[in-house]
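Welcome to a short set of exercises. Please open the structure, keep the sequence at hand, and try each task before reading its solution.

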Amino acid sequence: MKNVIMDAPAIERALKRIAHEIIEKHTTAPASLIGIRTAGVFIASRLAEYIKQYGQIPVQTATLDITLYRDDVAMGTGRAIVRATQINFPVDGASIILIDDVLFTGRTIRAAMDAVIDLGRPKVIQLAVLVDRGHRELPIKADYTGKNIPTTDDDEIKVVLTESGSNEDAVYLIKKGD
Amino acid sequence: MVSGKGIIGLKYLDKSDIEQIVETAFSMRDISKRSVKKVPTLRGKTVVNLFFESSTRTKTSFEIAAKRLSADVVNFSYTSSSISKGETTIDTAKNIEAMNPDVFIIRHASSGIMDLLSRHLKTPIISAGDGTNEHPTQGLLDIMTIRDEKKRIDGLKVVIAGDIYHSRVARSDIYGMGKLGANVYFFSPPTFITDDYASLGASITYDAKEAFTDADVIIMLRIQLERQATGLFPSTREYSRVFGLNEQRLKLAKPDVIVMHPGPINRGLELSSGVADSKEHSRVLKQVENGVSIRMSAIYHTIGEGHEYTGN
């Protein structure tokens, strides 16, 4: 069974609210948004637009591929394609906000933090996600959350965005076995 | 093919495997440019460099590649081994395999031995060159260097010139570039060409003008002086004059031609110093840089995929 948890207006409202929260907390240092491939990159660029629109605070975006930092590479989980990481600003001293679509086990974020720290010593790393679905396996918590969605372990959360070729913006909850 | 048995020759890889290894290598190259030149991907994995033939550059390149992926590297070279005590190659490899490495990097003087070894070993093998047969990672890094510069391989005129007969690089290049749609020309003295080269898909020419005219890429091979006892050409001076690449001959090629060489260069023999050092055309050092990235990608795909996970 497939339920729409967030439709396009809900996603827009959530991201605009997160943009306002980021503006509140970044009065001096530029907000450095690092999108985690693939959906995180699209969300980061939308957030950057909203932040420019409402806040007139400096904002910069970058792209992070965490494939090489995953903890399951050698487990034969299939062909992991390594794509480019593009961070065109110095990480040292930066105020970084990692951006992802869904926060689940926290392992992706752990990998992303390791990847960022290998590039330098940021002043702070925060985390913004569109959906927090629970079931953390690591002590990780989002600083900015679009929506909390209670799920069971084997549910699937699917985020579709127009940037990835979909004709709509939506978040679906897919129940197994129903 | 990449999974399970590793990379023993470009003959056995299909187009999509080659493209994937090269694509990944471009991402790997960024790691080598950072201040922390290491990712934790293959932490706890063991890479064995098993070299039955001497090599400094290729071995170093593989070692750097493995270390940048956080794998542990063990070097085993024939001079210090039990080969001198009469052990067979298969026995030597099986003995090391009993210590549970995750991938073998093997170089050996016998052509085709990788096929034999891969039948006897469960551990995947990446060939670092076997006799005059193949040197797959060199072929891949050549493809990467061309892709980097020309953004494509398909339809390019690629000239491979020199000691084709002794060259495992030439064979890997023709297999790989042929699959990607390049028009490959072999240019060399007739004594370096045997009948079976025609079947590899390259056009063969003995005329410098025909070879170099409108070339997009020229790959000069090293005259392997140590393997010239049989007298396949009369003198090095004559070779240089008739078959070498110099500034005049380079003018026949396209204005944006790139010149590559697997090294080490015999300056003034197959390649003039002016061409070898040309900032505009020479990509010799770029090849060396890309070599590390290609080997990172090769090790990553070999261990990251083919290895069956059996739990901790």
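## Exercise 1: A strand residue and its surroundings

Leaving aside residues up to four places away in sequence, B:I126 touches B:G6, B:I7, B:V103, B:I105, B:T137, B:A298, B:I299 and B:T302; two residues are in contact if their C-beta atoms, placed from the backbone, lie within 7 Å. This is a predicted model, in which local features need pLDDT of at least 70, side-chain atom pairs count only at pLDDT 80 or more, and totals for chains, interfaces and linings use all residues. Residues are numbered from 1 along each chain as its sequence is written, while chains are lettered from A and ligands numbered from 1 in the order in which they are written.

**Task.** Find the element that holds B:I126, and decide whether B:I126 is buried or exposed.

**Solution.**
- Step 1. B:I126 sits in strand β5 (residues 125-130) of chain B. Helices (H or I, at least four residues) and strands (E, at least two) are DSSP runs, numbered from the N terminus.
- Step 2. B:I126 has 25 C-beta neighbours inside 10 Å and therefore counts as buried. The cut-offs are 20 or more other C-beta atoms within 10 Å for buried, 12 or fewer for exposed, and in between for partly exposed, with C-beta atoms placed from the backbone.
- Step 3. For a sense of distance, take B:L156: B:I126 and B:L156 are 30 residues apart in sequence and 28 Å apart in space, C-alpha to C-alpha.

## Exercise 2: Backbone surprises

Most residues other than glycine have a negative phi, and most peptide bonds are trans.

**Task.** Which peptide bonds to A:T38 and B:P264 deserve a look, and what is the phi of B:S70 and of B:K151?

**Solution.**
- Step 1. A:R37 and A:T38 are joined by a cis peptide bond with omega about 0°. A:T38 belongs to the loop between β2 (31-36) and α2 (39-55) of chain A.
- Step 2. The bond from B:G263 to B:P264 is also cis, with omega near -10°. B:P264 is in the loop between β10 (258-260) and α11 (273-276) of chain B.
- Step 3. B:S70, not a glycine, has a positive phi of about 70°. The loop between α3 (57-68) and β3 (72-77) of chain B holds B:S70, which is partly exposed with 15 C-beta neighbours inside 10 Å.
- Step 4. For B:K151, phi is positive too, near 65°. B:K151 lies in the loop between α6 (136-150) and β6 (157-161) of chain B and is exposed, with 7 other C-beta atoms within 10 Å.

## Exercise 3: One helix, one partner

**Task.** Describe how α6(B) meets helix α7 (residues 168-179) of chain B, and how covered α6(B) is.

**Solution.**
- Step 1. The two axes come within 8 Å and cross at roughly 55°. Axes are lines fitted to C-alpha atoms, for helices over the stretch in contact, and angles run from 0 to 180 degrees between N-to-C directions.
- Step 2. That makes α6(B) oblique to α7(B): angles under 35 degrees count as roughly parallel, over 145 as roughly antiparallel, 65 to 115 as roughly perpendicular and the rest as oblique.
- Step 3. The contact brings B:P136, B:Q138, B:G139, B:L140, B:D142 and B:I143 of α6(B) to B:V169, B:S172, B:D173, B:Y175, B:G176 and B:M177 of α7(B).
- Step 4. In α6(B), 11 of its 15 residues are buried, so the helix is mostly covered; among them are B:L140, B:L141 and B:I143.

## Exercise 4: Finding the inner face

**Task.** Which residues of α1 (residues 8-25) of chain A are buried, and what do the buried residues of α3 (residues 107-119) of chain A pack against?

**Solution.**
- Step 1. In α1(A), the buried residues are A:I11, A:L15, A:I18, A:A19 and A:I22. They fall within an arc of 105° seen down the axis, so they line one face of α1(A); the arc is that of the directions from the helix axis to the C-beta atoms.
- Step 2. Exposed A:P9 and A:E24 are on the face of α1(A) turned away from its buried side.
- Step 3. In α3(A), the buried residues are A:T108, A:I109, A:A111, A:A112, A:A115, A:V116 and A:L119. Their arc is 160°, so they also line one face of the helix.
- Step 4. These α3(A) residues pack against β2, β3 (59-64), β4 (95-103) and β5 (124-132) of chain A.
- Step 5. Following α3(A) comes A:G120, with a positive phi near 160°.
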